Amino acid sequence: MHLHRHIPIAIILALAIAHTASAQSSTSSFEKALTLEWYYQANGTATGLGAVDVNGDGPPEIAASYDSSDIIILDRYGHYKTNYSVGEVKDVGRIYDLKVVDVNGDGKNEIIAALGALRYKVKYNLNQFKNVDNRTVELIRKSLYEIDHNLGGITVLKPTGEILWHVQTEQSVNAISTSDVYHTQEQHLLAALGAFQKDTYNEYKGVDINGTEIWNLTDYVLQNGSFELYDSKGTLNTSRYIYLVDQNKYLIEGANNNVRSVLAADINGDGVAEFLAGTEAGTLYAYNNSNGFTWSQAVGGSVRVLSAADLTKDDGQEIVAGTSNGQLALFTSKGKLIWQTRLPGVISSLTIQDIDGNEITDIVVGCGDGYIYVYDGLGNLAWKFYTGSPIHRLITGDFNENGYADIIIATKGNITMYEVNNLYVQREQANTFYDKAIEYSNAQDYVVALIYAQRARSIYERIGLTENLPKTDILIKSITEDLKSEKKLSGEYNYEHALNYFSQNDYRTSQTYAQRALSIFTEIGDTDGQNKVNRLLSQIDDELRLFRKTEADGLYSRALSYNSFSNYSGAVILSRKARDIYDEINETNGSITCNALIGQIGDTFYLKALQNYNLTDYQTALFYANQSYSLYVEVQYWPQSGKAEALMKDIVAAMNKPQVQEQPSKLPLVAVAVIAVVVILAVVKTRKRSSKPVM
C-alpha cells in the first residue's frame, strides 16, 4: 500500500487522527511543519535508506532494506519499482546498514549494503584434538570444541542491481561510512564491525581417583569490535581492533565493545582523514589515518550514529553523536564536549542540513519515540514533529526536486516521505522568537530579548509576513530603551567606581573603570555621560603623568649616583628607563637631560680609550672606543661619534701594524756567568779550609 500526492482526503484525515491520538507529547505549534507526501507499506524492520538514480533519468529512486538480504526500490512518489538481492540470507547474512554513494568515481551512485548475522557454527569431536594416532598427547590441555560466530560482509551493487563486488568479514558489519580518504576521486569504505562470538574449549582438569582424565567444556565470549577500511574495489587497506580491557590491561571477558557506528572525514582540516568509531560500550574513539589513535571520549550510551559538519562557524568540523539511550552530543574535532541533550528514545539516525530554508544548518534527528527533532548547531531545539511510530532510519533531501526539503523515514512496516513546509516552519519559528523576546524582556534579560526580537523580525521580513512587523518593531524599540536604561545604570556604576579609586590615588584602576563607563555612554549616545567621564580621564592622565614624572626623576637621580661611583653600565640602564618614561609623558627636558648623562658617560669611555691607546693596550682601548661610539650614536651626538669612530680606526691600524722583534742583550748572560764563577770559587775555598788537620 502506498500514498502519494493524489491521496483521498479521508485517508489523510484518518492518518492525521491516528497520529494525533498516538502522540505522547506533540508540539502543537509545529504540528503542520511537515506535509505527508506518501507512504509505502512494507514488511519487517527498516535497516537502511538511500536515494539512487536507478534508471539514469535524473530524479532519484528510494532504496530501502528491511532486515533481510533484499533491497526494495521505490520511485520518488512511493510506488514500488523493483527488488534487488545481495544473496541468500544463509549465504551472506542480513542487511544492517545501507549507503548510496559514487564509490568508483564513474558519476553514478552505487548501493552499499553492510551485512551481518551470518551464523558460522562448527562443532568438533571431543577427542579430535586430544588424541593423535591413538596416542595421548600429554602437552595438550585445552582443545577447541565449538565455534559460534556471526560473520558479516560488504556488498556493492550498481544502480541497476548487479553486484560489483562482495567481501566477507569475520564479524557483522553494523554500519558503513564513505570518504575520499586518499584524495583519489574514489570513495573508501569504513566498516563498523562487531558481533557475538563464542568459542567453546574442551579443557583438561586433571584425573579422578580412578585415574580417569577429567575434561570440561568451557565457553569464552568476546565482543570486542573493530573497524576496517576498504578501497573502491573491495581491497582491505586498514584494520584495527578496539579492545575493552581492565585496569591491568586484560581483556574483559563477555564485555560488549562492538563498534556500532563509524565516520571517515577530515574533521580537523589538516588534509588527513580521521576515523571515528562509536562502540556499544558508549565510547567514541578517534584515529588519524597517519598517526593512529588520537583520543577517546565517553558518550553515555551505545553510539548508534555519527556525523560531522562545521556547525559553530569556526572553520573546523564538529562531531555529532547519537546514542541508544537518547543522548545527543556535539564534540570538537579534539573530542571536547560542546553541548549535549537527552531525548526520550533511541537515536536511530541523523542528518545535517538546512532543512527548513532559514539559512541555519540543522541537525535532523530520527528518534525511537516517534519524533523528528530539529536542532541548531548551538544545541537549541528549533522544532519537532510527531510521526506516530518509532523511527528506525531517516534521510533528507529534495527527492521530488520541487525546491523544498523532504524527509523520508523508515519505521516498522512503513516508509514515509514528508515535505517540509518552509513558510509554516519559519513563521512558527518567528512567533516562537517573538514570544521568547517578551519572556526575556519581562525577566529583564534585555540583551537576549533583543536578539530574539531581531531574529523574529528578520524572519517575518524574509517570508513577507509584513503585518507582524509593526508589533515587532514596537517590541524592539521597547527592549532597546530598556536596554539603554540598563546600560546607563551600568555606565554610572563604572563611573562611580572610577571616582572612588581616583580618590584613593589608584589611578590605573580608576582609568580602567572610567574607560568602561565611556564605552557604555558612547554606545548608548549619552553625551552628558561621555563629557563627565572625559573630564575625569583628563584628570587621571594628569595624575598619571605626574606620577610617572616622579618615577622618571627618581631613576635619573639614581643614574647620577651610579655615575659618580663609576658604575657606568648601571647609570646608562637607569638613564634609558628614565628617558623612556619622559618620552611616554612628552617631558622633553627630561629626555634631553638623560641623553646628556649618557653622552657624558660616552665622553668618559672616550678618554679611557685614548689612555689605553697611548699605553698600547689596544684591546682595552678598542672596547672603550666602541662603547663611546655606541652611546654617542644613541643620543645622536654626531661630532663625538665621528671622533670615536676615527679613534677606533687608529686602534685597529695599530693592532695590525707589524711589530719589530728586539734581540735579547748578552750582558745579562755574562753577569750571570761571572756570579756563578765567584760562587763556585767561594765554595771550593771553604771546603779546603775545613779539610786541614786539627792541631
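Two strands pair if DSSP finds at least two bridges between them. Strands β22 (residues 283–288) and β23 clear that bar, because six bridges join them in the antiparallel sense. The model is predicted. This briefing covers a sheet, a buried glutamate, and aromatic rings with their neighbours.

**The four-stranded sheet**

- Four strands make up an open sheet, in the order β20-β21-β22-β23.
- Their pairing is antiparallel.
- The edges are β20 (259–265) and β23 (292–298), and each of these pairs on one side only.
- From one strand to the next, the twist averages 20 degrees.
- Look across from β22 to β23 for one facing pair: Tyr 285 stands opposite Ser 296 in β23.

**A buried glutamate**

- Strand β15 (residues 197–207) contains Glu 203.
- Glu 203 has a relative accessible area of 9%. It counts as buried because buried means under 20%.
- The side chain of Glu 203 has a polar partner: it contacts the side chain of Lys 205 at 3.1 Å.

**Aromatic pairs**

- The structure holds 17 aromatic pairs.
- One of them joins Tyr 501 and Tyr 513, and this pair is stacked. The ring centres are 5.7 Å apart, with 5 degrees between the planes. Stacked is the right word because planes under 30 degrees apart count as stacked.
- This pair links distant parts of the chain. Tyr 501 is in helix α5 (residues 469–503), while Tyr 513 is in helix α6 (residues 507–523). The two residues are 12 apart.
- Tyr 501 is partly exposed, at 23% relative accessibility. Tyr 513 is buried, with a relative accessible area of 17%. The labels differ because the cut-off for buried is under 20%.
- Phe 623 and Tyr 624 form an edge-to-face pair. Their centres are 5.3 Å apart, and the planes meet at 70 degrees. The label fits because planes over 60 degrees apart count as edge-to-face.
- Phe 623 is partly exposed, with a relative accessible area of 47%.

**An aromatic cluster**

- One aromatic cluster is formed by Trp 339, Tyr 371, Tyr 373, Tyr 375 and Tyr 386.

**An arginine over two rings**

- Arg 455 lies over the face of Phe 433, at 5.7 Å from the ring centre.
- Arg 455 also lies over the face of Tyr 452, again at 5.7 Å from the ring centre.

How values were computed:
Residues numbered from 1 in each chain as written. Predicted model: local features only at pLDDT ≥ 70, side-chain atom pairs only at ≥ 80, totals over all residues. Heavy atoms only, no water. Axes fitted to C-alpha atoms, helices over the stretch in contact; angles between N-to-C directions. Buried < 20%, exposed > 50% of the residue type's maximum accessible area, 1.4 Å probe, protein only. Polar contact = N/O pair within 3.5 Å; in protein donor to acceptor, adjacent residues only side chain to side chain. Phe/Tyr/Trp six-rings, centres within 6.5 Å; stacked < 30°, edge-to-face > 60°. Lys NZ or Arg CZ within 6 Å of the ring centre and 35° of its normal.
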